Amino acid sequence: MARSIKNPKKAKRKNKGLKKGEASSSNSAPSAPTKVWQPGVDKLEEGEELQCDPSAYNYLHAFHIGWPCLSFDILHDSLGLVRTEFPHTVYCVAGTQAEKSSWNSIGIFKISNISGKRRELLPTKKNIDGSDMDSDSSDSDEDDEQEGGGNMAPVLQLRKVSHEGCVNRVRAMPQNAHICASWADTGLVQLWDFSSHLNALVGSDAETNHGESTVSNQSPLVKFGGHKDEGYAIDWSPLVPGRLVSGDCKNCIHLWEPASDSTWNIDSNPFVGHTASVEDLQWSPTEPYVFASCSVDGHVAIWDIRSGKSPAVSMKAHKADVNVLTWNRLASCMLASGCDDGTFSIRDLRLVKEGDSVVAHFEYHKHPITSIEWSPHEASTLAVSSSDNQLTIWDLSLERDEEEEAEFKAMTKEQVNAPTDLPPQLLFVHQGQKDLKELHWHSQIPGMLISTAADGFNILMPSNIETALPPNNP
């Protein structure tokens, strides 16, 4: 149940002289490390420090919006369904965990001029004298700027709306990104229309509003106080615009049905099947009446809203609290869940009736899983974040190939001493953030992930995430 950021302080700022409540944005470009550091295995000696290898990323950027953020969402935009060329622009909505309840807000922000570079997975070929054949190739920021389409740093533009209480979770409607739902620690679920703020950001250029923002007062479209306690679970239907479920810490789940563009009918009679807090909810990507839930009681349940208020299926999924789950939108039979003991499992729902539906179970992380999400572009890939300050990316289709490993070592002419106890499905490990809380893939930019932690956000694009996209035919 590792969720809240207790007694939060302002996110650490790399820029001196920032005013209180101001956001900042900065590139992460440390020098390459001298050796590989294994999380959970190696220990730092006195005087040693960790530095990331920039060649491991096509893009890496750190920023914050003031107070720590427990939850955010990436907004669907009109810039293109599949975008592969730098520079990129992204839109997000995020909620704060401020020191005082009255200081909280929901931030609607835009980051533009995200300029990166496609890294080569293998080193360039050498000339006879040992120099690179491509003498202009390097991993410097200058190259990134030239190939990324500009020499300007990423620009963060932010607008804020006052929010009563800390934001436990925030989600944007997939079909109408300007409509957002927020779960507050006050026990209220609220729906918001942020169209005016998004329109202002879309119409603004990169020379205006570099993160400074006043907090505007805006009334929500809906304010629901029917839950008996605060909660963290909420999800919009990907198939029925406006359909929503919200779950609380008292084990109750309420269904929201849209009555118009700005009104909802909320069923006061909750769905009850768990014996403890409902931690996460996920609608089926293919069946409009079906959703899944997970709970502190260790169970994952499947519900059909046409069949009463009890779950259609309830499975003992983990030995401890089940914190998060994700439904694979490219392979709808696959459901993944993450546990408080650091494990996560993948289930094939076609095998539920046979008793054991677990097709993969991983014990790599040793601290609570805080977020988990399938890739929207690769059916076998998912990302996981944990309280151990690691964000990991997994490809379930991978298997260890000793012959391929030997060939790679020969081509790199370096010692590649990967620990033998690492799962072959572990594709990438990202570190550097403290107290990771939530991650999301960008559905329109293949390979891009955004994560939030106690010390701010990261945007990352690992260089070894290969996405099978259709070729661009001239």
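In this predicted model, Asp348 has a relative accessible area of 6% and is therefore buried. Its salt-bridge partner is Arg350, with the closest N and O atoms 2.8 Å apart. Arg350, by contrast, counts as exposed because its relative accessibility reaches 60%, where the cut-off for exposed is over 50%. This pair thus joins a buried residue to an exposed one.

The structure holds eight salt bridges, and two further examples are worth a look. One of them brings together the side chains of Glu438 and Arg171, at 3.2 Å from N to O. The two residues are 267 positions apart and link distant parts of the chain, with Glu438 in strand β29 (residues 436–441) and Arg171 in strand β7 (residues 167–172). Both Glu438 and Arg171 are buried.

The side chains of Asp267 and Lys309 also meet in a salt bridge, here at 2.4 Å from N to O. Distant parts of the chain are again linked, 42 residues apart: Asp267 sits in the loop between β15 (264–266) and β16 (271–272), and Lys309 in the loop between β19 (299–304) and β20 (313–316). Asp267 counts as partly exposed at 28% relative accessibility, and Lys309 is likewise partly exposed, at 25%.

The backbone has some points of interest too. The peptide bond from Phe86 to Pro87 is cis, with omega near 0°, and Pro87 lies in the loop between β3 (69–74) and β4 (88–96). Asn113, a residue other than glycine, has a positive phi, near 60°; Asn113 belongs to strand β5 (residues 105–114) and is buried, at 14% relative accessibility. For Asn389, phi is near 70°, also positive. Asn389 is placed in the loop between β26 (381–386) and β27 (391–395) and is partly exposed, at 29% relative accessibility.

Notes
Residues numbered from 1 in each chain as written. Predicted model: local features only at pLDDT ≥ 70, side-chain atom pairs only at ≥ 80, totals over all residues. Heavy atoms only, no water. Helix = DSSP H or I, 4+ residues; strand = E, 2+ residues; numbered from the N terminus. Buried < 20%, exposed > 50% of the residue type's maximum accessible area, 1.4 Å probe, protein only. Salt bridge = Lys/Arg side-chain N within 4 Å of Asp/Glu carboxyl O.
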